[in-house]
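Opening the notebook on a new model. I want to go through it piece by piece and jot down what I look up.

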Amino acid sequence: MLLLISSQKKKTGVIAPKRFVQRLKKQNEIFRSFMHQDAHEFLNFLLNELVDILEKEAQATKGDQEILSSEKVANGPTNSQANPSKKEPLVTWVHKNFQGILTNETRCLQCETVTARDETFFDLSLDIEQNSSITSCLKNFSSTETLNAEDKFFCDECRSLQEAQKRMKIKRPPHILVIHLKRFKYIEQLNRYKKLSYRVVFPLELKLSDTVEDSDREYSLFAVVVHVGSGPNHGHYVSLVKSHNHWLFFDDENVEMIDESAVQTFFGSAQEYSSNTDHGYILFYESLGQNNSS
């Protein structure tokens, strides 16, 4: 899609940022105030809103086609099997690019029965630790958790509560892997949210072979949303975007070219108290070796 927009000779498919923000505020009252808004919440709203719009457009087009079809065969024989009641879910370009599948596996420690439940996702929200990496965060995301005591699992095979082991793994990685670093954590002692300035290394090239079973998928980093500020209730967002093998730094209306090595300055702070408040928040990785169908 981005390729189609950027290659347009006319203004088709291009919208001015101010008009985009105006439409956004009209669609969702949350973004109408001057309060600080979370970039991750904005991303979720945008993707889901796009899916709704595309589905409505597809239904309208299908409805028009069905009307034309019915007019053509109005006086002819009908086929009851032509329109089966079972409808296939619409797969939009949003699904093709951003949607992956997670599998939630729970193994009963009494009978060894494994219960698996699949769920789709547009992005992965990862807990972070000081001086860690995206690979280690993904491993923690897929680590095994023991369910016992008050958290026992009801096993359908045993028909009772049993101790179990639970894990979440990526069953099918998406074409565009969006990783959200959970930098805002609620601290009970402080009774408020705090920004975690932890240093989390995000490589330019990411392999999922160590974190996803039966997959040697490789990804390349092409965009980063950076949160600038010391706390969750105020701050500023800037973006790094790779275009035509060059990294660009976007700060409101200011755009400048930066060296690739400058991406490292947004990993985070190795010490808890640091003057550096520019930290990578949302990462966008594109799968290598696959054609983008958008």
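My entries follow, from the whole chain down to single residues.

**Overall**

I'm working with a predicted model, so I keep that in mind throughout. I looked up the secondary structure and got five helices and 18 strands. The protein has 294 residues, and 33% of them are buried. For exposed surface I noted about 19500 Å², with carbon and sulfur atoms supplying 49% of it. I also checked how far contacts reach along the chain: of those between residues at least 6 apart in sequence, 63% join residues at least 24 apart.

**Strand β18**

How many of the ten residues of β18 are buried? I get eight, so I'd call the strand mostly covered. I then looked up its pairings. β14 runs antiparallel to β18, with nine bridges between them. Strand β9 (residues 176-181) also pairs with β18 in the antiparallel sense, over five bridges. I wrote down one position from each pairing: His227 has His279 in β18 as its bridge partner, and Ile176 stands opposite Glu286 in β18.

**His279**

I stayed with His279, which lies in strand β18 (residues 278-287). Its relative accessible area is 1%, under the 20% cut-off, so His279 counts as buried. What does its side chain have for polar company? I found the backbone oxygen of Asn276 at 3.2 Å from a polar atom of the His279 side chain. Leaving out residues up to four places away in sequence, I listed what His279 touches: Arg183, Lys195, Ser197, Val225, Val226, His227, Phe266, Gly268 and Ser269. His227 in that list is also the bridge partner I noted above.

**Ile179**

Next I picked a residue on β9, Ile179. Its relative accessible area is 0%, and therefore Ile179 is buried. Which residues is Ile179 in contact with, leaving aside neighbours within four places in sequence? I have Leu124, Leu126, Ile134, Leu206, Tyr281, Ile282, Leu283 and Tyr285. I also looked up the C-alpha separation to Leu126, which is 7.2 Å, with the two positions 53 residues apart along the chain.

**Leu208**

Is Leu208 buried or exposed? Buried, because its relative accessible area is 0%. I note that Leu208 sits in a loop, the one between β13 (205-207) and β14 (218-228). Its C-alpha atom is 8.8 Å from that of Pro173, a residue 35 places away along the chain.

**The β10/β11 hairpin**

Strand β10 (residues 184-187) and strand β11 (residues 192-195) run antiparallel and are joined by four bridges. For one pair across the hairpin I noted Tyr186 and its bridge partner Tyr193 in β11. Four residues lie between the strands, and in this hairpin Asn191 takes a positive phi near 60°.

**Other positive phi values**

Most residues other than glycine have a negative phi, so I went looking for further exceptions. Asn131 has phi near 50°, and I find Asn131 in the loop between β3 (124-126) and β4 (132-133). Asp252 has phi near 55° and lies in the loop between β16 (246-251) and β17 (254-258). Asp252 has 56% relative accessibility, over the 50% cut-off, so I count Asp252 as exposed.

**Salt bridges**

I count five salt bridges and wrote up a few of them.

- Arg107 pairs with Glu112, with the closest N and O atoms 2.4 Å apart. Arg107 is partly exposed at 27% relative accessibility, and Glu112 is partly exposed at 44%.
- Glu119 pairs with Arg117, with the closest N and O atoms at 3.3 Å. Both are partly exposed, Glu119 at 27% and Arg117 at 48%.
- Asp118 pairs with Lys171, with the closest N and O atoms at 2.8 Å. This pair links distant parts of the chain: Asp118 is in strand β2 (residues 114-121) and Lys171 in strand β8 (residues 164-172), 53 residues apart. Asp118 is partly exposed, with a relative accessible area of 42%.

**A surface patch**

Last entry: which residues form a nonpolar patch on the surface? I have Ile15, Phe20 and Val21, with about 230 Å² of accessible area together. Phe20 lies in helix α2 (residues 17-27) and is partly exposed, at 32% relative accessibility.

Key:
Residues numbered from 1 in each chain as written. Predicted model: local features only at pLDDT ≥ 70, side-chain atom pairs only at ≥ 80, totals over all residues. Heavy atoms only, no water. Pairing = 2+ DSSP bridges. Helix = DSSP H or I, 4+ residues; strand = E, 2+ residues; numbered from the N terminus. Buried < 20%, exposed > 50% of the residue type's maximum accessible area, 1.4 Å probe, protein only. Contact = heavy atoms within 4.5 Å. Areas by Shrake-Rupley, 256 points an atom, 1.4 Å probe, with all protein chains shown as cover. Patch = residues over 30% accessible without salt bridge, like charges linked within 9 Å, V, L, I, M, F, W, Y side chains within 5 Å. Salt bridge = Lys/Arg side-chain N within 4 Å of Asp/Glu carboxyl O. Polar contact = N/O pair within 3.5 Å; in protein donor to acceptor, adjacent residues only side chain to side chain.
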